[in-house]
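User: Could you take a close look at one part of this protein for me, the open sheet and what surrounds it? I would like to see how its strands are arranged and what lies around them.

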Amino acid sequence: MGMIEKVMEEFRTRFGSEGDIRGYFAPGRVNLIGEHTDYNGGHVFPCALDMGHYAVARKRNDRKIRWFCTTFPDSGVQEADIGDLAPNDNGLWYDYQQGVLWAFEQNGYQIPYGYDMVMAGDMPAGAGLSASASIEMIAAIILKDLIEVPISQVDCARMGQYSENKYNGMNCGIMDQFASAMGKKDCAIFLDTATLKYDYVPLNLAHEKIVITNSNVKHSLAGSAYNDRRRDSENALEELQTVIDIKTLGDLDEKTFEDKKGVITDPVCRKRARHAVYENLRTIAAVDYLKNGDLKAFGKLMHDSHVSLRDDYEVSCKELDILSEEAWKIPGVIGSRMTGGGFGGCTVSIVENDAVEEFKKKISAVYGEKTGLKADFYIADASDGAGRIL
Ligand code: GLA
């Protein structure tokens with residue numbers, strides 16, 4: 001039995017079989033390159049995964065919600081009235097969904113009815129693969145399809161970001177929600193976060209796999225340090241704006257940044273800005289290389305991205321450094337870097353098909369030896385974005 005059928009069974013047991021019951025999937029994402037650029041007006045290059053959250057839902061006649069998640073059975077059935085939802089930073093699974101309902105209403109989308117729902121995830125949470133965005137997009141897609149709120153997929157992503165910023169207190173950019181809402185099978189999304197213009201780039205890797213390695217650590221400062229990085233970048237931007245007419249750090253080319261960077265007084269903010277500017281340029285170049293079939297050059301930029309995230313943006317950690325640095329040594333590894341917000345979570349690597357087993361063996365051994373921890377591996381299959389599946 002597939003995931004959605006299991007969730008359907010759970011729904012029927014809990015909430016009964018009558019009426020129009022529908023099934024949905026919203027994926028997590030992995031970002032190939034373009035990290036910490038999305039709130040800096042730069043480019044990102046994520047793809048939606050075939051792991052994420054599944055939900056089965058039925059419309060109610062009132063504005064109540066009754067939700068259950070089989071991944072977190074201890075929280076029981078969560079009940080609330082849509083009109084009573086208020087921001088909090090508890091970060092529980094239902095807070096990410098409730099935040100989206102709240103965001104819709106804050107932005108003028110009326111939600112006439114609530115819904116009963118059972119949800120289940122088949123992806124690791126807190127691992128930098130955007131489990132939270134996937135949960136948010138489940139809520140958005142249910143509102144769009146089941147409750148018939150007129151909204152586009154892109155605006156679903158916008159509502160997800162809005163809710164995470166204003167309801168859950170995490171000042172994230174739009175990459176994760178965009179990837180979950182707008183993913184396309186066998187493609188990555190080259191997204192300009194300044195304009196939300198995007199392009200699907202086929203990932204026809206004939207001889208390689210995209211391997212995600214989970215460090216299985218999440219350092220507690222992740223949320224607050226993320227918001228700090230964002231503020232550092234904004235401080236740098238403000239100082240640059242006193243000498244040059246730009247809207248975001250993503251507007252800068254290398255020469256202009258090098259000419260003007262002296263105006264940024266704090267050396268830490270200058271490093272943050274350097275990452276944001278160069279990472280954006282790397283992302284644009286990397287996508288060009290991929291389109292031209294030069295995977296080796298793409299891999300080199302993944303390497304440079306990790307180094308910049310480690311040294312300039314300082315969002316890596318010992319475990320992610322070990323995973324990437326050890327991967328670079330293995331023959332058949334085209335590129336490897338931390339992915340997502342950082343401070344734990346996952347790396348993403350491009351590995352030649354024939355080298356995948358050796359990669360897993362070597363990384364498991366050396367990671368275990370150096371940290372005492374176990375690494376988990378997933379092969380990324382780029383998938384379609386959030387939608388109805390049953
Ligand atoms: C988290 C955020 C994204 C993005 C990445 C870093 O995943 O949710 O918006 O900023 O970190 O690239």
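Analyst: Happy to. A word on terms to start: two strands count as paired here if DSSP finds at least two bridges between them. Please also keep in mind that this is a predicted model.

With that in hand, here is the sheet. It is open and built from 4 strands, which run in the order 10-11-9-12 with antiparallel pairing. Strand 10 (333-339) and strand 12 (376-379) are the edge strands; each has a single partner, so one side of each has no neighbour in the sheet. On average, neighbouring strands are turned by 20° against each other, direction ignored.

Further in, strand 9 pairs with strand 11 (residues 344-352) in the antiparallel sense, over 8 bridges. If you would like a spot to zoom in on, try Val211, whose bridge partner in strand 11 is Ser349.

The sheet also has a helix packed on it: helix 10 (residues 318-329) touches strand 9, strand 10 and strand 11. The direction of helix 10 makes about 170° with that of strand 10.

Strand 9 leads us on to a pocket. Residues 208-218 make up this strand, and with 3 residues it gives the most to the lining of the second largest pocket. That pocket holds about 190 Å³ of space. Among the residues lining it are Glu208, Lys209 and Ile210, along with Asp186, Leu203, Leu205 and Ile379. By class, its lining has 6 nonpolar and 4 charged residues, and no polar ones.

For context, the largest pocket contains about 1000 Å³ of space. It has 45 lining residues, and those nearest its centre are Tyr96, Ser132, Glu164, Met170 and Lys218. Helix 2 (93-106), helix 3 (131-145), helix 5 (175-182) and helix 6 (222-240) are the elements that each give two or more residues to this lining. Helix 6 supplies the largest share, 5 residues. The lining of the largest pocket divides into 18 nonpolar, 20 polar and 7 charged residues.

Helix 5 also takes part in an aromatic contact. The whole structure has 14 aromatic pairs, and one of them joins Phe178 and Tyr198: their ring centres are 5.4 Å apart and their planes stand at 65°, so the pair is edge-to-face. Planes over 60 degrees apart count as edge-to-face. Phe178 sits in helix 5 and Tyr198 in strand 8 (residues 197-202), so this pair links distant parts of the chain, 20 residues apart.

How values were computed: Residues are numbered from 1 along each chain as its sequence is written. This is a predicted model: local features need pLDDT of at least 70, side-chain atom pairs count only at pLDDT 80 or more; totals for chains, interfaces and linings use all residues. Side-chain values use heavy atoms; hydrogens and water are left out. On a 1 Å grid over the protein atoms alone, a cavity is a set of points where a 1.4 Å probe fits but cannot get out, and a pocket is an open set with protein on both sides within 12 Å along at least five of seven lines; lining residues have an atom within 4 Å of a point. Grid points are joined across faces, edges and corners, and a volume is the space filled by probe spheres set on the points. Ala, Val, Leu, Ile, Met, Phe, Trp, Tyr, Cys and Pro count as nonpolar, Asp, Glu, Lys and Arg as charged, and the others, Gly among them, as polar. Axes are lines fitted to C-alpha atoms, for helices over the stretch in contact, and angles run from 0 to 180 degrees between N-to-C directions. Contact means heavy atoms within 4.5 Å. Rings of Phe, Tyr and Trp (its six-membered ring) pair if their centres lie within 6.5 Å; planes under 30 degrees apart count as stacked, over 60 as edge-to-face and the rest as tilted.
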